[in-house]
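Visitor: Hi, I've just opened this one for the first time. Could you walk me through it?

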Amino acid sequence: MLRLIALCAALFVVTAGPAFAQSNINLGGIAVDTSAAIEVTADSLSVDQASGKAVFNGNVIIVQGDLRLTAGRVEVLYGTDTSQIARLIATEAVTFVTAEEAAEAQEADYDVTTGLLILAGDVLLTQGPSAISADQMTINVTDGTAAMDGRVRTVLQQGDN
C-alpha cells in the first residue's frame, strides 16, 4: 500500500514541475528518540569483530521508537570504544516511516550518535496527501529539522484540495 501511495505521489511530482512557493509539508516535524533501543530483524547476519561491523541482509527492518527503516541491506558500525551502535548504512530500496510521514530513497546513512539521517538517491517524502521529492534529504532526528537538496519538486495544494 505504501508503495502504491508513493508511486501515485511520484507521478504527481513528476508532472507538476518545480515548485518555488511554500508547500504544506512540514520538514520540521520529524523527530525520533535516539536513546530508545534499536531492534533489527533480517534474513541473515554476518559480523566482523575486528572492524566492529555487522551486516544484515534481506528484508531488513530497523525500529527505534516511532522510526521504522526498511532496506535490503544494512551495515551496522559500532563505536570504537563502546558496544553502542554508532551508525547504520542502508541500501537497496530504503524506506523510512514515522507516525506522520514516509520516505523512500536508494540509500540512507543514519548517524545514531549525532542524530543525522541522510537519505540519498531519488528521495520521495509523503506526509498525508502531500509529496515532495529531491536528490537528498538530511534530517536531524534529535531536533526534528530537515532539509532537501538537489532538484526539489513538490505539488502545491490550493484551498480545500
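Guide: Sure. One term before we start: a contact here means heavy atoms within 4.5 Å. With that in hand, take the contacts in the protein chain between residues at least 6 apart in sequence: 40% of them join residues at least 24 apart. Keep in mind that this is a predicted model.

Visitor: Okay, predicted. What does the pLDDT average over the protein chain?

Guide: The average is 77, and 75% of the residues score at least 70. Over residues 1-24, though, the pLDDT is below 50. That stretch has 35 contacts in the model beyond near neighbours in sequence.

Visitor: Noted. How many helices and strands are in the protein chain?

Guide: The protein chain has 1 helix and 10 strands. Going along the sequence, the helix comes at the start of the pattern and the strands follow: α-β-β-β-β-β-β-β-β-β-β.

Visitor: And how much of the chain is buried?

Guide: Of its 161 residues, 38% count as buried. The accessible surface of the chain comes to about 8,800 Å², and carbon and sulfur atoms account for 53% of that.

Visitor: Let's go inside, then. How many residues does the largest nonpolar core have?

Guide: That core has 28 residues, and Val74, Leu117 and Leu119 are the ones with the most contacts inside it. At least two residues come from each of β3 (53-64), β4, β5, β6, β7 (116-127) and β8 (130-140). The strand that gives the most is β4, with 5 residues.

Visitor: Why would a core like that form at all?

Guide: As a general tendency, nonpolar side chains in soluble globular proteins are buried together.

Visitor: You mentioned Leu117. What is leucine 117 in contact with?

Guide: Setting aside neighbours within four places in sequence, leucine 117 touches Leu69, Phe96, Ala108, Asp109, Tyr110, Met137, Thr138, Ile139 and Val141.

Visitor: Now the strands. Which way do β4 and β5 run against each other, parallel or antiparallel?

Guide: They pair in the antiparallel sense, over 9 bridges, with β5 covering residues 85-97. Within that pairing, leucine 77 sits opposite arginine 87 in β5. Strand β5 also pairs with β6 (residues 102-111), again antiparallel and over 9 bridges. There, phenylalanine 96 faces alanine 103 in β6, and a hairpin of 4 residues takes the chain from β5 to β6.

Visitor: Is anything unusual going on in β5? What is the phi of glutamate 92 like?

Guide: Phi of glutamate 92 is near 70 degrees, a positive value in a residue other than glycine. Most residues other than glycine have a negative phi. Glutamate 92 is found in β5, and so is alanine 93, which has a positive phi of about 55 degrees.

Visitor: Are those two buried or exposed?

Guide: Neither, quite. Glutamate 92 is partly exposed, with a relative accessible area of 48%. Alanine 93 counts as partly exposed too, at 47% relative accessibility.

Visitor: What about glutamate 75: where is it?

Guide: Glutamate 75 is in strand β4, which spans residues 67-78. With a relative accessibility of 16%, glutamate 75 counts as buried, because the cut-off for buried is under 20%. Not counting residues up to four places away in sequence, glutamate 75 touches Lys53, Ala54, Val55, Arg87, Leu88 and Ile89.

Visitor: Last stop, the far end of the chain. How many residues of β8 are buried?

Guide: 8 of its 11 residues are buried, so β8 is largely enclosed by the rest of the structure.

Visitor: Which strands does β8 run antiparallel to?

Guide: One is β7, joined to β8 by 10 bridges, and here leucine 119 stands opposite methionine 137. Another is β9 (residues 145-149), with 5 bridges, where asparagine 140 has threonine 145 as its bridge partner. There is also β10 (residues 153-154), with 2 bridges, and that pairing sets serine 133 opposite arginine 153.

Visitor: And what are the turns like there?

Guide: β7 and β8 form a hairpin with 2 residues between them, and glycine 128 in the turn has a positive phi of about 60 degrees. The hairpin of β8 and β9 has 4 residues between the strands, and glycine 144 there takes a positive phi near 80 degrees.

Definitions and conventions. Residues numbered from 1 in each chain as written. Heavy atoms only, no water. Buried < 20%, exposed > 50% of the residue type's maximum accessible area, 1.4 Å probe, protein only. Areas by Shrake-Rupley, 256 points an atom, 1.4 Å probe, with all protein chains shown as cover. Pairing = 2+ DSSP bridges. pLDDT = per-residue confidence, 0-100. Core = buried A, V, L, I, M, F, W, Y, C linked by side-chain atoms within 4.5 Å.
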